[in-house]
Amino acid sequence: QVQLVESGGGLVQPGGSLRLSCAASGSIFSMGWYRQAPGKQRELVAAIGSGGNTNYADSVKGRFTISRDNAKNTVYLQMNSLKPEDTAVYYCNTYPLPLLWGQGTQVTVSS
């Protein structure tokens, strides 16, 4: 089974940017970034197909960009214009059917 390791989270001020990375131990296909805020259900943030097609949650359109580097088995999430409501633990996983969840990476947007 492919192992997924997320990184790149941290504390950032509103309006700031972060770039998340998801390194896979093997080949990846359709992948997604998900997030879970305290007291809320986990939600899909962005997804990218094996051919590079993408889709985004309405709440992040125009601010987040998902991309992939197949040679490195890595998926990225560039997050710009961050808002306090983006605060959550971010996870990468297969899409549309997530498999085993990793530990995720914490993103905190606060002044």
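Let's start with a charged pair: the side chains of Glu-43 and Arg-35 come together in a salt bridge, with N and O 2.7 Å apart. Keep in mind that this is a predicted model.

**Charged pairs**

The two partners sit in rather unlike surroundings. Glu-43 is partly exposed, at a relative accessible area of 34%, whereas Arg-35 is buried, with a relative accessibility of 6%. Arg-35 also has a second partner, since its side chain meets that of Asp-86 in a salt bridge of 3.0 Å, N to O. This pair connects distant parts of the chain: Arg-35 belongs to strand S4 (residues 31–36), while Asp-86 lies in the loop between strand S8 (74–79) and strand S9 (88–94), 51 residues apart. Is Asp-86 buried or exposed? Asp-86 is buried, at a relative accessible area of just 1%.

Zoom out a little and a network appears: salt bridges link Arg-35, Glu-43, Arg-63 and Asp-86. In total, the structure has 4 salt bridges. One of them pairs Lys-61 with Asp-58, with the closest N and O atoms 3.1 Å apart. Asp-58 counts as exposed, at 66% relative accessibility. In general, side chains of opposite charge can pair when their charged atoms come close.

Here are three of the bridges side by side.

| Salt bridge | N to O distance |
|---|---|
| Glu-43 and Arg-35 | 2.7 Å |
| Arg-35 and Asp-86 | 3.0 Å |
| Lys-61 and Asp-58 | 3.1 Å |

**Strand S4 and its partners**

Arg-35 leads us to strand S4. S4 is mostly covered, with 5 of its 6 residues buried. S4 pairs with S5 in the antiparallel sense through 5 bridges, and S4 also runs antiparallel to S9, joined by 6 bridges. As a reminder, strands of a sheet pair through backbone hydrogen bonds, either parallel or antiparallel.

Trp-33 is a handy residue to click on here. Its bridge partner in S5 is Ala-46, and its bridge partner in S9 is Cys-92. S4 and S5 make up a hairpin with 6 residues between them. In that turn, Gly-39 has a positive phi of about 75°.

**The disulfide**

Cys-92 has another link to offer: Cys-92 and Cys-22 form a disulfide, with their sulfur atoms 1.9 Å apart. The link is right-handed, with 55° about the S-S bond. Why does this pair tie together parts that are 70 residues apart in sequence? Because Cys-22 lies in strand S3 and Cys-92 in strand S9. Both cysteines are buried, and a search of the whole structure turns up 1 disulfide.

**The nonpolar core**

Trp-33 shows up again inside the protein. The largest nonpolar core has 26 residues, and those touching the most other members are Trp-33, Phe-64, Val-75, Leu-77, Met-79 and Tyr-90. At least two core residues each come from strand S3 (18–24), S4, strand S5 (43–48), S7, S8, S9 and strand S10 (105–109). S3 gives the largest share, 4 residues. In soluble globular proteins, nonpolar side chains tend to be buried together.

What does Met-79 touch, not counting residues up to four places away in sequence? The contacts of Met-79 are Gly-16, Ser-17, Leu-18, Leu-20, Arg-63, Phe-64, Tyr-90 and Val-107. Among them is Arg-63, which is also part of the salt-bridge network.

**The four-stranded sheet**

Next, the open sheet. Its 4 strands come in the order S1-S3-S8-S7, with antiparallel pairing. The edges are strand S1 (4–7) and strand S7 (64–69), and each of these pairs on one side only. On average, neighbouring strands of this sheet are turned by 15° against each other, ignoring direction. S7 pairs with S8 in the antiparallel sense over 6 bridges, and Ser-67 stands opposite Tyr-76 in S8.

**Leu-11**

One last stop is Leu-11, which is located in strand S2 (residues 10–12). Is this leucine buried or exposed? Leu-11 is exposed, at a relative accessible area of 66%. Outside its neighbours within four places in sequence, Leu-11 makes contact with Thr-108 and Ser-110. The C-alpha atoms of Leu-11 and Thr-108 are separated by 4.7 Å, although the two residues are 97 residues apart along the chain.

Conventions:
Residues numbered from 1 in each chain as written. Predicted model: local features only at pLDDT ≥ 70, side-chain atom pairs only at ≥ 80, totals over all residues. Heavy atoms only, no water. Buried < 20%, exposed > 50% of the residue type's maximum accessible area, 1.4 Å probe, protein only. Contact = heavy atoms within 4.5 Å. Pairing = 2+ DSSP bridges. Axes fitted to C-alpha atoms, helices over the stretch in contact; angles between N-to-C directions. Core = buried A, V, L, I, M, F, W, Y, C linked by side-chain atoms within 4.5 Å. Disulfide = S-S within 2.5 Å.
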